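Thanks for coming, everyone. Please put the structure up on the screen, and I'll talk you through a few parts of it.

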Amino acid sequence: MRLSRYFLPVLKENPAEAQIVSHRLMLRAGMIKQATAGIYSWLPLGFKVLRKIENIVHEEQIRAGHNPILMPVLQSADLWRESGRYDDYGKEMLRMQDRHGRDMLYTPTAEELVTDIFRAHVGSYKDLPMTLYQIQWKFRDEVRPRFGVMRGREFLMKDGYNFDLTKEDALHAYNRHLVSYLRTYERMGLQAIPMRADSGPIGGDDTHEFLVLAETGESGVFYDSEITDLKFGDREIDYDSVDQCQSVLEEFTSRYARTDDTHEESVFHERVPEERRREGRGIEVGQIFYFGTKYSEPMGATVQGPDGKPVPVHMGSHGIGVSRLVGAIIEASHDDKGIIWPEGVTPFHVGIVNLKQGDEKADEACEALYKSVEALGLEPLYDDRDERAGGKFATMDLIGLPWRITVGPRGLKNGVVELTSRRTGESEELPPEQAIAKLA
Ligand code: ATP
Ligand code: MG
Ligand code: MG
Ligand code: MG
């Protein structure tokens with residue numbers, strides 16, 4: 001992409017409405033534009049990151065054997081009356097009527113809708129286990145939408161639902177989700193710690209939230225410092241293996257780690273020696289639940305068991321805050337100049353800065369670098385505007401691409417360009433081919 005043709009409306013000033021760094025940087029880097037309270041348009045740079053995050057979530061869900069679907073954002077209230085949640089859900093649900101006076105709602109979550117699909121099409125235990133998931137917009141009329149996309153009213157969520165014959169099978173699905181989430185967040189350059197949580201309005205027995213440690217997080221967190229040393233890494237896992245998934249769950253959840261909803265000071269002190277006790281704040285980027293037959297029973301989602309008798313399926317639901325993650329990643333990875341994108345989600349891999357646009361040699365060298373970067377299967381963003389070098393550098397630092405290649409007539413005379421790492425700030429002068437080789 002060439003910056004001269006890209007829509008990147010960067011702001012020079014700090015927007016007054018932004019209270020936290022990720023919101024400020026997303027506005028300054030031209031990633032989003034507020035449409036109205038808690039509702040945002042995604043501009044090209046923000047949209048690109050959102051799509052990258054979405055892709056990682058899809059890839060990891062599919063790797064875990066889950067089926068992607070897409071359900072509508074508008075639902076009929078009838079299903080929610082069947083489950084008994086319509087009146088209970090409260091003011092976070094945006095309710096409306098169509099022209100015939102039928103009660104509708106904008107989906108805040110989709111347990112009912114997916115259970116309705118399941119009961120229409122699945123009749124036998126032989127079709128289980130089954131997990132359906134979608135990445136779709138949700139609406140919750142939050143009392144205090146704030147922090148940009150971190151607490152929006154409209155937000156993008158991955159929501160997955162498992163259907164199993166027994167509690168045991170459903171707990172395996174729970175564990176499978178935990179493992180897939182660990183992989184998912186690590187691919188985004190994040191450490192998200194599973195913490196024992198409270199089930200809230202979705203209801204259920206077993207639940208963990210995934211928290212990214214950050215000062216600006218809305219949850220209080222209490223944990224054993226040993227937990228921050230755990231990494232899933234690139235280990236191979238067989239998602240069908242009950243034992244393998246169970247052992248990952250044990251590894252990642254056996255140490256004390258809880259949010260303020262479930263924290264017990266006495267247990268914390270009993271289980272964690274003082275020097276390892278940590279208290280802080282965290283951003284909830286996902287949650288997994290097992291809730292058994294809470295929806296399948298009232299909604300009649302049964303399958304015929306091996307003995308021919310109908311049994312209500314055991315279910316769970318599992319969410320990832322896809323749009324919130326954009327903010328969470330920035331909270332976890334920035335400096336005073338701007339964003340520092342982890343490689344896995346960066347909108348472009350390399351920024352090419354031409355110090356003297358219009359200089360024949362510099363232009364040529366930039367064009368050649370552009371093609372070489374593309375040939376590696378990486379995406380370049382070429383600042384080909386006729387602007388001061390200082391402004392170009394500031395923009396590149398703000399939008400946080402992992403690498404910058406700076407090209408100018410003076411360097412070219414010596415046969416070199418400059419390769420700079422956004423994360424370390426270190427620069428090297430290299431012949432163009434060697435700079436490209438370093439990116440490969
Ligand atoms: P919170 O405690 O932050 O209100 P939640 O527990 O109500 O979140 P869940 O029902 O668990 O949310 O939804 C799954 C995920 O969707 C959350 O872990 C979070 O990452 C994301 N999410 C929830 N509400 C919002 C929101 N208002 N804006 C952006 N993302 C959200
Ligand atoms: Mg909430
Ligand atoms: Mg929560
Ligand atoms: Mg939650």
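Start with strands β21 and β22. β21 covers residues 403–407, and β22 covers residues 417–421. The two run antiparallel, and four bridges join them. Want one pair to look for? R404 has T420 in β22 as its bridge partner. Keep in mind that this is a predicted model.

Now zoom out to the sheet. It is an open sheet of five strands. The order is β20-β19-β21-β22-β23, and the pairing is mixed. Which strands stand at the edges? They are β20, residues 380–383, and β23, residues 427–430. Each has a single partner strand, so one side of each is left without a neighbour in the sheet. Neighbouring strands here are turned by 20° against each other on average, ignoring direction.

Next, the helices on this sheet. Helix α10, residues 360–375, packs on the sheet and touches β19, β20, β21 and β22. Its direction makes about 170° with that of β19. Helix α11, residues 389–399, lies across β19, β20 and β21. α11 runs at about 175° to β19.

Last stop: a helix pair. Two packed helices are described by the angle between their axes and the distance between the axes. Helix α1, residues 21–28, packs with helix α9, residues 322–332. The angle is about 105°, and the axes are 8 Å apart. That makes α1 roughly perpendicular to α9.

Who meets whom? From α1 we have V21, S22, H23, L25 and M26. They meet G327, I330 and E331 in α9. By class, this contact has four nonpolar, three polar and one charged residues.

Terms used
Residues are numbered from 1 along each chain as its sequence is written. Chains are lettered from A and ligands numbered from 1 in the order in which they are written. This is a predicted model: local features need pLDDT of at least 70, side-chain atom pairs count only at pLDDT 80 or more; totals for chains, interfaces and linings use all residues. Two strands pair if DSSP finds at least two bridges between them. Axes are lines fitted to C-alpha atoms, for helices over the stretch in contact, and angles run from 0 to 180 degrees between N-to-C directions. Two residues are in contact if their C-beta atoms, placed from the backbone, lie within 7 Å. Angles under 35 degrees count as roughly parallel, over 145 as roughly antiparallel, 65 to 115 as roughly perpendicular and the rest as oblique. Ala, Val, Leu, Ile, Met, Phe, Trp, Tyr, Cys and Pro count as nonpolar, Asp, Glu, Lys and Arg as charged, and the others, Gly among them, as polar.
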